[in-house]
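Got the viewer open and a hand on the mouse? Let's walk through this one stop at a time, selecting as we go.

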Amino acid sequence: MAHIQWSDDLNTNIAVIDSQHKRIVSYINNLEDVKDKDDRTVEEQVLNELVDYTLSHFAFEESLMEDAGYGFINGHKRVHQLFVKRVSDFMQRFKLGEDITEELLIVLKAWLINHIKSDDNDYVDIVKKNLGNMDARKGDGWLTMSVKKFFA
Amino acid sequence: MSYIQWSDDLATGIGVIDSQHKRIIHYINQLEDAQALNEPELVSEVLIHLTDYTLSHFAFEESLMEDAGYVAAAIHVKTHDSFRDKINAYNLRHKAGEDVSKELSKLLNVWLIEHIANDDSSYTPFVLKNIPGINSEKKSGWLTRKLHTFFP
């Protein structure tokens with residue numbers, strides 16, 4: 001399979017979110033690279049990094065939505081939870097010695113692209129507006145602080 | 001089969017749900033294209049996107065129904081469950097090496113459109129009534145304010 005190439009239709013135009021999404025894409029591409037090396041230790045390391053970062057990103061995104069009063073936050077959270085459950089099932093199988101990387105990559109690519117293009121797109125307007133207000137109210141530091149909180 | 005065109009009788013009137021449904025229809029049409037091209041790999045890729053997105057959409061929709069206190073939510077969830085079971089069964093057959101793409105695409109085409117047109121319309125009034133501000137995010141502020149002034 002090929003690497004995911006970042007394209008304009010993946011941009012939410014919320015810079016902090018786009019850079020997190022790009023980082024997730026680079027982890028997925030990384031996983032693609034190590035897949036054929038037959039080194040489970042390296043694979044496990046990339047998998048753990050990918051899962052870790054994605055969980056932090058979800059938490060960050062949910063807090064942005066909550067702060068902005070996004071009406072569909074529960075639905076969005078449910079979609080995140082469902083995905084986390086699927087990925088942790090894959091991780092269980094990996095730990096039991098199964099070779100899951102190829103299958104997981106297909107799921108990750110399909111899910112991420114779908115999720116960014118459709119679900120994330122829906123919160124953009126309200127979150128952007130709220131971020132603008134926040135900056136005015138609390139100064140530029142607010143966002144930086146939040147990022148630090150979730151990606152300690 | 002021919003392309004499915006989005007039409008008003010498919011609209012629920014809940015913006016976020018309609019855009020998710022439009023995306024599902026977009027995939028169903030893509031599937032049609034992939035099958036016409038007779039490219040099994042492309043067909044399989046679109047099927048993964050389509051089923052993946054549909055399952056996420058169900059999770060989103062179920063959460064919305066719960067939030068709105070929709071009385072028949074349990075029945076609706078059961079309908080989703082039976083669909084999830086069908087998808088799982090196809091997935092197992094696919095993993096065992098069977099070509100299920102034609103059967104599966106027929107199911108998706110018929111079932112999903114039927115479901116959107118009939119079942120989903122039944123929860124819409126609850127959601128619109130019980131989740132305040134659900135469609136207001138994208139309306140222009142002025143119009144919304146005027147509407148509130150004249151129709152408090």
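How far apart are the end C-alpha atoms of helix 3 (residues 73–95) of chain B, and what should its 23 residues span at 1.5 Å a residue? Select that helix and put a distance on its two end C-alpha atoms: they sit 32 Å apart. The expected span is 33 Å, because each step along the helix counts for 1.5 Å and 23 residues make one step fewer than their number, so the two values agree. Bear in mind that what you are looking at is a predicted model.

Now step just past the end of the helix. G97(B) follows helix 3 of chain B, and its phi is positive, near 100°.

Next, select the whole of chain B. You'll find five helices and zero strands, so to speak a plain α-α-α-α-α when read along the sequence. Chain B has 152 residues, and 27% of them are buried. Of its contacts between residues at least 6 apart in sequence, 66% join residues at least 24 apart.

Color by pLDDT while chain B is still selected. The chain averages 82, with 86% of the residues scoring at least 70. Helix 3 of chain B has the highest confidence there, at a mean of 90, while helix 5 (residues 141–150) of chain B has the lowest, at 46. Pick out residues 137–147 of chain B: the pLDDT is below 50 over this stretch, which has seven contacts in the model beyond near neighbours in sequence.

Switch to chain A and keep the coloring. Here the mean pLDDT is 89, and 93% of the residues reach 70 or more. Helix 1 (residues 15–35) of chain A comes out highest at 94, and helix 5 of chain A lowest at a mean of 75.

Stay in helix 5 of chain A, residues 141–150, and click on V147(A). Is this residue buried or exposed? Neither, quite: V147(A) counts as partly exposed, because it has 15 C-beta neighbours inside 10 Å. Now add K22(A) to the selection; the two residues are 125 apart in sequence and 15 Å apart in space, C-alpha to C-alpha.

Last stop: show both chains and select where they touch. On this face, 15 residues of chain A are in contact with 19 residues of chain B. Helix 3 (73–95) and helix 4 (101–138) of chain A each supply at least two residues of chain A's side. Helix 4 of chain A gives the largest share, eight residues. Color chain A's side by residue type and you'll get seven nonpolar, five polar and three charged. For the complex, the predictor gives an ipTM of 0.72 and a pTM of 0.79.

How values were computed:
Residues numbered from 1 in each chain as written. Chains lettered and ligands numbered in written order. Predicted model: local features only at pLDDT ≥ 70, side-chain atom pairs only at ≥ 80, totals over all residues. Contact = placed C-beta atoms within 7 Å. Helix = DSSP H or I, 4+ residues; strand = E, 2+ residues; numbered from the N terminus. Nonpolar A, V, L, I, M, F, W, Y, C, P; charged D, E, K, R; others polar. Buried ≥ 20, exposed ≤ 12 C-beta atoms within 10 Å, placed from the backbone. pLDDT = per-residue confidence, 0-100.
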